[in-house]
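Subject: Handover of a structure and findings

Dear colleague,

Please find below the structure that I am handing over to you. My findings follow directly after it, grouped by topic.

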Amino acid sequence: ALCNDNEKRDLNVVMPACHLGCDKIYEFGYVVVKDGLIKGNLSSKVVTKDLVNYIDKIKDKKCSFYKEETKKYFKHHENKFIKN
């Protein structure tokens with residue numbers, strides 16, 4: 001939604017994800033992709049034990065859609081949820 005017209009036409013701005021799992025926790029910032037790895041982002045978030053367990057199973061795994069062409073989009077998403 002925040003993309004400019006060129007970014008909207010860039011096929012690297014999207015990644016397929018399961019709607020009942022990774023898509024939702026990624027879009028709401030419970031996980032981010034940092035340097036190609038899935039990282040949990042649970043500070044200041046309300047979570048359940050089941051959600052923590054789910055994220056624990058996928059964190060630190062490689063995101064197969066992370067590459068030079070997608071890096072800037074993952075960084076934008078990370079910056080949206082993690083303030084350094």
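Two helices, α2 (22–27) and α4 (71–81), each supply at least two residues of the lining of the largest pocket in this predicted model. Helix α4 gives the most to that lining, with 5 residues. The volume of the largest pocket is about 600 Å³. Its lining comprises 19 residues, and the closest to the pocket centre are Cys3, Val13, Tyr26, Glu27 and His77. By residue class, the lining divides into 11 nonpolar, 4 polar and 4 charged residues. As general background, rolling a probe the size of a water molecule over the atoms shows where empty space is left.

Tyr26 deserves a paragraph of its own. This residue is placed in helix α2 and is among the residues closest to the centre of the largest pocket. Is Tyr26 buried or exposed? Its relative accessibility is 12%, and because buried means under 20%, Tyr26 counts as buried. Leaving aside neighbours within four places in sequence, Tyr26 is in contact with Met15, Val31, Val33, Phe74, His77 and Phe81. One of these contacts, His77, is also listed among the residues closest to the pocket centre. With regard to Lys67, which is 41 residues away along the chain from Tyr26, the two C-alpha atoms are separated by 17 Å.

Tyr26 also belongs to the largest nonpolar core. Which residues make up this core? There are 11 in all: Ile25, Tyr26, Tyr30, Val31, Val33, Ile38, Leu51, Ile55, Ile58, Cys63 and Phe74. The elements that give two or more residues to the core are α2, β1 (31–34) and α3 (49–58). Of the elements, α3 gives the most, with 3 residues. In soluble globular proteins, nonpolar side chains tend to be buried together.

Glu78 is a charged residue that lies in helix α4. Its relative accessible area is 3%, so Glu78 is buried. Not counting residues up to four places away in sequence, Glu78 touches Val32, Val33 and Lys34. Val33, one of the residues touched by Glu78, is also in contact with Tyr26 and is part of the largest nonpolar core.

Phe65 is found in the loop between α3 and α4. With a relative accessibility of 34%, Phe65 counts as partly exposed. Its contacts, not counting residues up to four places away in sequence, are Met15, Pro16, Thr70 and Phe74. Of these, Met15 and Phe74 are also in contact with Tyr26. The C-alpha atoms of Phe65 and Ile38 are separated by 11 Å, and the two residues are 27 residues apart along the chain.

I turn next to the cysteines. How many disulfides does a search of the whole structure find? The search finds 0. Cys63 is in no disulfide, and the nearest cysteine sulfur, that of Cys22, is 9.1 Å away. A disulfide requires cysteine sulfur atoms within 2.5 Å, so this pair does not qualify. The surroundings of the two cysteines may also be stated: Cys63 is buried, with a relative accessible area of 7%, whereas Cys22, at 27% relative accessibility, counts as partly exposed. In general terms, a disulfide is a covalent bond between the sulfur atoms of two cysteines.

Two residues call for attention on account of their backbone angles. Ser44 has a positive phi of about 60 degrees although it is not a glycine. Ser44 lies in the loop between β2 (37–40) and α3, and at 81% relative accessibility it counts as exposed. Asp60, likewise a residue other than glycine, has a positive phi near 70 degrees. The place of Asp60 is in the loop between α3 and α4, and Asp60 is partly exposed, with a relative accessible area of 45%.

Finally, Asp50 lies in helix α3. Asp50 is exposed, with a relative accessible area of 62%. Measuring from C-alpha to C-alpha in the model, Asp50 and Cys3 are 33 Å apart in space, and they are 47 residues apart in sequence. Cys3 is one of the residues closest to the centre of the largest pocket.

Yours faithfully

Key:
Residues numbered from 1 in each chain as written. Predicted model: local features only at pLDDT ≥ 70, side-chain atom pairs only at ≥ 80, totals over all residues. Heavy atoms only, no water. 1 Å grid on protein atoms, 1.4 Å probe; cavity = no way out; pocket = protein on both sides within 12 Å on 5 of 7 lines; lining within 4 Å. Points joined across faces, edges and corners; volume = space filled by probe spheres on them. Helix = DSSP H or I, 4+ residues; strand = E, 2+ residues; numbered from the N terminus. Core = buried A, V, L, I, M, F, W, Y, C linked by side-chain atoms within 4.5 Å. Buried < 20%, exposed > 50% of the residue type's maximum accessible area, 1.4 Å probe, protein only. Contact = heavy atoms within 4.5 Å.
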